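Good morning, colleagues. Today I would like to discuss how strands and helices are arranged in one model, which I will now show.

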2 protein chains.
Amino acid sequence: MNIYTVVMAGGSGTRFWPASRRARPKQLLALTGKRSLLQQTVARMAPLVGPERVLVVTGAGHAQAVADQLPQVPGEQILAEPVARNTAAAVGLAALWVARRDPRALCLVLPADHLITDETLFLETLGRAARAAMDEDVLVTLGLTPRFAATGFGYIETGQVVDEASPQVSAVAAFHEKPGLATAQAYLEGGRHLWNSGMFAWRAEVLLKELARHQPALAAGLERLAPALDGPGLAQALAEVYPGLPAVSVDHGVLEKTGNLRVVKADFGWSDVGSWDAMAELWPADEAGNARQQGRVLAIESQDNVVSAGNRLTALLGVSGLVAVVTDDVLLILPRERCQEVRKVIEALQTEGLHDLL
Amino acid sequence: MNIYTVVMAGGSGTRFWPASRRARPKQLLALTGKRSLLQQTVARMAPLVGPERVLVVTGAGHAQAVADQLPQVPGEQILAEPVARNTAAAVGLAALWVARRDPRALCLVLPADHLITDETLFLETLGRAARAAMDEDVLVTLGLTPRFAATGFGYIETGQVVDEASPQVSAVAAFHEKPGLATAQAYLEGGRHLWNSGMFAWRAEVLLKELARHQPALAAGLERLAPALDGPGLAQALAEVYPGLPAVSVDHGVLEKTGNLRVVKADFGWSDVGSWDAMAELWPADEAGNARQQGRVLAIESQDNVVSAGNRLTALLGVSGLVAVVTDDVLLILPRERCQEVRKVIEALQTEGLHDLL
């Protein structure tokens with residue numbers, strides 16, 4: 001049985017500006033430790049899937065950087081999207097690529113920009129998802145047990161357990177958009193709702209069949225790529241076909257429409273590394289909660305700050321709840337609770353014509 | 001008539017840490033423009049006193065840096081104190097040096113770490129002080145017209161105007177220590193109190209005579225240096241004599257004790273460049289009052305911040321009243337109103353053994 005890891009590395013987020021830039025999105029950054037989130041994602045899978053069966057879907061502008069970071073992955077397995085067309089197109093492209101080699105092969109689809117702290121439990125859970133996907137020929141999504149009443153994630157409401165011997169595997173009762181705080185609290189207490197993780201398992205042919213049913217235009221478009229998939233004409237074919245593909249997420253475009261779906265409950269430590277603020281939990285911190293990526297923080301009457309300043313000593317006196325980031329060309333300071341507004345800075349840079357800093 | 005500029009460059013302050021370090025005190029920093037405060041001090045005097053008659057008194061640890069910054073000043077005119085012994089010793093040493101060449105020569109004594117914005121008025125005022133010092137053989141101190149109710153400066157209370165033709169020159173009624181706010185407010189409104197500037201004019205022999213009268217131990221100690229003043233043995237003589245000198249300020253030790261004193265009212269734009277906070281007035285600022293030393297600030301819902309971050313772009317979102325300083329090895333953030341507490345950081349660095357950063 002063939003298993004492929006499909007790494008979804010299409011992100012171009014701005015929430016880690018100024019560390020992230022157009023040419024260096026979050027998944028390519030070493031935000032925790034010395035390896036990038038992308039490198040960690042591939043390395044984490046090594047016990048289950050070797051690099052020879054890793055497929056990376058990324059933006060054309062990042063393909064070279066991805067290749068540089070993953071020298072162990074064959075170059076033809078880095079699929080470069082000429083334009084972003086959301087996740088249904090990306091997983092479809094990957095499934096098409098896999099299906100030409102083995103239609104029954106399993107795809108384990110993983111975002112390139114998440115952090116997982118319990119790797120053993122992660123692999124065990126993925127194994128469970130893989131078995132469910134193969135035993136029943138279903139689509140499988142991983143749902144994370146909520147740790148708090150998050151309002152920033154979508155939720156999956158679990159249905160009936162399919163097999164009492166595998167209580168972690170359920171049917172899906174419903175998908176829910178990002179909730180308000182009261183609803184999120186109710187989800188947390190109710191115990192039937194899981195965070196939508198963006199991690200999936202399915203046989204290539206099963207995904208393609210579901211795509212054909214629920215996203216026929218997308219499936220037809222992808223089908224036009226099939227003849228070019230193994231040859232030197234792939235980039236040209238992608239450039240012709242991709243811009244015309246519907247841009248829809250696999251969750252919204254397929255998973256929410258099919259009954260042929262299972263959710264596997266996941267409890268490994270996980271973070272979507274969503275913003276500088278989130279690093280407070282992921283970076284080492286002093287007793288007053290001042291977290292730093294590296295270097296050292298000397299905090300006097302200062303609490304709960306998040307600092308990325310290279311190897312500098314950061315001296316804080318009488319400041320709390322701030323994010324401070326220093327790069328070679330930028331100093332950024334803002335309150336932690338406003339991290340989502342970094343995009344306002346990006347917009348201002350665009351307005352000011354400071355394109356070098358984007 | 002010979003006029004010497006005596007530049008008092010003994011400061012070792014820490015209030016501009018991390019830009020200032022033990023080896024690079026404030027007067028050696030280019031805090032405004034491209035030249036250091038020391039260089040600006042000497043350049044400002046050029047129309048009145050050329051570099052061949054500039055004398056700099058500085059700490060031995062800074063003498064080489066001073067010489068590097070002032071190549072136009074003859075090396076033997078940089079007097080290196082082996083230990084700091086406050087200003088009475090420093091001005092006494094300089095007066096002794098000048099007196100060997102010309103006892104009647106005038107010393108214009110200027111701190112190396114102040115900023116003056118109206119240089120024409122400054123030179124005019126110094127000329128007036130010089131004439132008063134020479135005409136009457138008195139000590140002359142410059143008193144600055146207060147611009148606000150400052151509690152961080154000492155005050156000089158003016159007495160009778162000596163000559164109605166020179167209404168800016170008065171006797172001194174009293175010296176006052178740093179006042180409380182209410183007193184400072186009263187001083188400001190009363191119009192008879194001036195900020196003590198640390199700028200003086202006197203003939204070398206007049207200062208030495210006053211020192212002998214009011215600080216006989218200091219004067220006797222300095223006298224032991226006289227034979228070595230012109231020769232290669234000066235450093236050795238200073239090392240032997242200086243540690244034993246009384247450490248007293250010329251204000252407290254001489255000016256407050258003598259009746260042989262005039263104060264000249266000064267109105268040139270002046271700043272003692274006392275802390276990062278003070279730079280808000282001295283650096284270019286945007287409409288929201290965000291001042292930066294250089295580079296560019298992009299401020300979104302952010303007011304009244306003071307930033308020194310080299311040529312970086314500084315992006316501020318939702319923060320106000322902060323000081324942020326980036327150097328190669330340090331990031332410092334604190335509220336502007338706590339700038340005087342930078343010394344707490346210095347103390348912590350000492351406690352932590354981080355001597356490289358001091």
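I begin with helix 11 of chain A, residues 342-352, which lies across strand 13 and strand 15 (313-317) of chain B. The helix runs at about 130° to strand 13 of chain B. This is a predicted model, in which local features need pLDDT of at least 70 and side-chain atom pairs count only at pLDDT 80 or more, while totals for chains, interfaces and linings use all residues. Residues are numbered from 1 along each chain as its sequence is written, and chains are lettered from A and ligands numbered from 1 in the order in which they are written.

As to terms, helices (H or I, at least four residues) and strands (E, at least two) are DSSP runs numbered from the N terminus. Strands pair if DSSP finds at least two bridges between them. Angles, from 0 to 180 degrees, are taken between N-to-C directions of lines fitted to C-alpha atoms, for helices over the stretch in contact; contact requires C-beta atoms, placed from the backbone, within 7 Å.

The strands beneath that helix belong to an open sheet of 6 strands with mixed pairing, ordered 12(A)-14(A)-16(A)-17(A)-15(B)-13(B). Which strands stand at its edges? They are strand 12 (291-292) of chain A and strand 13 (296-300) of chain B; each has a single partner strand, so one side of each lacks a neighbour in the sheet. Strand 12 of chain A pairs with strand 14 (residues 306-308) of chain A in the parallel sense, over 2 bridges. There, R292(A) has V307(A) as its bridge partner.

A further open sheet of 6 strands, also mixed, follows the order 13(A)-15(A)-17(B)-16(B)-14(B)-12(B).

Conventions. Contact = placed C-beta atoms within 7 Å.
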